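Hi everyone, thanks for coming. I have one structure to walk you through today, so please get it up on your screens.

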Amino acid sequence: MSRIEKAVFELNSIEDLSRQNRWVNRLHPSVKLLLTLLLAVLAVSFDKYNLPGLLGLFVYPLFVFIAGGLRFKDALRRLWIVLPLVVVTGITNPFFDRQVQFYIGNFAVTGGMVSMATLIVKGILCVLGAYILIATTPIEGICRSLRAFRVPKTIVTVILLIYRYVTVLLQEADRVTNAYLLRAPSEKGIGIRAWGPLAGGLLLRSMDRAQVLYESMQLRGFDGEFPEGLHALFYEGRDNRRLSIIYFAVWAVILVLLRIVPVAGIVGSVFGI
Amino acid sequence: MHMADALVSPAVAGTMAVLSGAAAVYSVKKLREEDDPKRIPVMGVMGAFVFAAQMINFTIPGTGSSGHICGGFLISALAGPYAGFLTMIGVLLIQCLFFADGGLLALGCNVWNMAFYGCFIGALLVWKPFMRKGATKARIMAASIIGCIVTLQLGAFSVTVETLLSGITELPFGVFLAAMQPIHLAIGLVEGIITGAVLVFVQDARPELLWGVEDEGREGRFTLKKTLVILAAAAAVIGGAVSLIASALPDGLEWAIGRVAGVEELEAAGSVYESASSIQEKLSFLPDYAFKGSESAAGTTVSGIVGAALVLALCVCLCYILRLFMNRRTNEQN
């Protein structure tokens, strides 16, 4: 499978997941968006040596994974994109911060090792947070939340349009690339002489497509921006408002408590560790 | 260059979100003034195009590796900086949500590092001045290469500063910067060539699609003189502000020496060292980037500004030499 095909597959599989009819999917999108942001803020606010405290925050993603019927394998694939960058940034920490924090047997664990591990765990937690949001909420729901948070209509409309056309243009880019590679089987990518015409051709066809799209939208009464209630149409009757409020309140309190109270330390001391 | 959430602190993420948000609100206002309903679908499809085009691998001859287009700059050269900026926000949001490329919390940083520089600096300070006298293949290619290099360098610099201010890495500022800037110089060069190739093709096929291209001889709003003044002011501000940070943090090598030897600078002895040192003292009017005998922040700031001015002066001299050379070649051809 080519890189572009993988991207199309990823988009489609996430869209299918987000449109499932589970109770987590029916929660108000703003609630899930706010909890994801809260999770990320709390995760990155932990001290660089506070690895045990950070691990406590995994309860929220784990809960949504189980309640939403999501597969860990799908989420782990996304980690491969983020982790290399995070590891590269933190890989020097063990060399610069050599103060011994504790011993495991005879092995001295330094501050740099702990801070690097904390950084990686933070990265994993934030990726899982974004994944559980998008795997349980369709893009229209996220756009509706963005409007509720007063994000300008222009930006929200552009996001919706980009999302709608990404799959179409990815497939077109894949066809163009395949056609080229079939004629140049020994090449791994697009050769220098075809850089301009290949991508430029795709660009011009995209512009023409935008023109057709504009004309068809105009025929349906489009005057520059979508009407205010359009995003709500996708969601009519889907939200469970009362459950959403309770869900947000409970999880916000749990996450903040996990940030403030050293739960891992308390549990460890109970077992005499 | 997409920053993950783990690489930023809440304070840095919040600050960058506010800055990027302000730029977005300003762009929305400017677009409304233009009042072109056709622009929205064009922005949507262009955003999807940038997304798709970034997935195409362009083989770099002789290296075996590949590069892709410089999205922010390309889109601004076609749709203008305001539409380009808003489109790039959409692209970055979808990349972060669907492909884990960048984080939701770090979105403000990523928008600033990639969209702001690519669209505003790239389009207004590089693309438009180059297109003032009309679009030619050479001007398009030069604007694309310079634009991509400059915007990627600024983006890479911002990533370094944001990571440093977030207290994420133990790596000293100087070492981190030395690792980030050269690699992005190479990436910028390749992306600039690919972006230039696409824009040259567009100019051949549909020149009316290019943004900001003035007719030959018509005076544009951003003349070369104005551009140089803005760049000089920006360099002075950046030089001044950054040198304050630099003064507080030891250089990577100094830091490493400090760890090993317990002193920031190693003592050296011998006649050769003494002679070299006296020559350096006579020549250097800003030793260790500060006034002689001054430990103050003001001294360091002035050093930064003077340094920026010297770099700019060198660039201007090089440009004049290049222009003289080009004029001579043109005269010879005629």
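I'll go from chain B as a whole to its contact with chain A, and then to a few single residues.

First, a word on what you are looking at: this is a predicted model, so please take every value I quote as computed from that model.

Let's start with chain B. How many helices and strands are there in chain B? The count is 11 helices and two strands. If you trace the chain from the N terminus, you pass α-α-β-β-α-α-α-α-α-α-α-α-α, so to speak in order of appearance. Chain B has 334 residues, and buried ones account for 49% of them. Now think about contacts between residues at least 6 apart in sequence: in chain B, 73% of those join residues at least 24 apart. As for the surface, chain B exposes about 15,900 Å², with 66% of that supplied by carbon and sulfur atoms.

Now to the partner chain. Which residues meet there, and how many from each side? Chain B puts in 68 residues and chain A puts in 76 residues. Together the two chains bury about 6,400 Å² between them, and carbon and sulfur atoms give 80% of that area.

On the polar side, there is one salt bridge between chain B and chain A. You can find it by picking B:R206 and A:D208, where the closest N and O atoms are 3.0 Å apart. Four residue pairs are in polar contact across this interface, counting pairs with both residues at pLDDT 80 or more.

Where on chain B does this surface come from? The elements that give two or more residues to the side touching chain A are α1 (10-34), α2 (39-53), β1 (58-59), α4 (81-99), α7 (173-205) and α9 (252-261) of chain B. The largest share comes from α2(B), with 12 residues. Sorted by type, the residues on that side of chain B are 50 nonpolar, 11 polar and seven charged.

Next, a helix I'd like you to zoom in on, α3 of chain B, residues 71-79. Why do I call this helix largely enclosed by the rest of the structure? Because nine of its nine residues are buried. Going along α3(B), the buried residues are B:G71, B:G72, B:F73, B:L74, B:I75, B:S76, B:A77, B:L78 and B:A79. What covers them? The cover includes α2, α4, α5 (107-131), α6 (137-165) and α7 of chain B, and also α10 (195-219) of chain A. Right after α3(B) comes B:G80, with a positive phi near 95°.

While we are on positive phi values, here are two residues that are not glycine. B:A100 has a phi near 55° and is placed in the loop between α4 and α5 of chain B. Over in chain A, A:R150 has a phi near 65° and is found in the loop between α8 (139-148) and α9 (153-183). Buried or exposed? B:A100 is buried, at a relative accessible area of 5%, whereas A:R150 is exposed, at 69%.

Let me finish with three more buried residues. B:I140 is in helix α6 of chain B, and its relative accessibility is 0%, so it counts as buried. Setting aside neighbours within four places in sequence, B:I140 is in contact with B:W127, B:M131, B:A135, B:G196, B:L199, B:V200, B:Q203 and B:L210. You can also draw a line from B:I140 back to B:A77: 63 residues apart in sequence, 9.7 Å apart from C-alpha to C-alpha.

B:I60 is in the loop between β1 and β2 (66-67) of chain B. This residue has a relative accessible area of 16%, and is buried. B:I60 and B:I194 are 134 residues apart in sequence, with their C-alpha atoms 9.7 Å apart.

The last one is a lysine in chain A. A:K32 is in helix α2 (residues 29-45) of chain A, and it is buried, with a relative accessible area of 3%. Which residues does A:K32 touch, not counting those up to four places away in sequence? They are A:V24, A:N25, A:L27, A:L133, A:T136 and A:T137.

That's my tour, and I'm happy to go back to any view.

Note on methods. Residues numbered from 1 in each chain as written. Chains lettered and ligands numbered in written order. Predicted model: local features only at pLDDT ≥ 70, side-chain atom pairs only at ≥ 80, totals over all residues. Heavy atoms only, no water. Helix = DSSP H or I, 4+ residues; strand = E, 2+ residues; numbered from the N terminus. Buried < 20%, exposed > 50% of the residue type's maximum accessible area, 1.4 Å probe, protein only. Contact = heavy atoms within 4.5 Å. Areas by Shrake-Rupley, 256 points an atom, 1.4 Å probe, with all protein chains shown as cover. Buried area = accessible area lost by both parts, 1.4 Å probe. Salt bridge = Lys/Arg side-chain N within 4 Å of Asp/Glu carboxyl O. Polar contact = N/O pair within 3.5 Å; in protein donor to acceptor, adjacent residues only side chain to side chain. Nonpolar A, V, L, I, M, F, W, Y, C, P; charged D, E, K, R; others polar.
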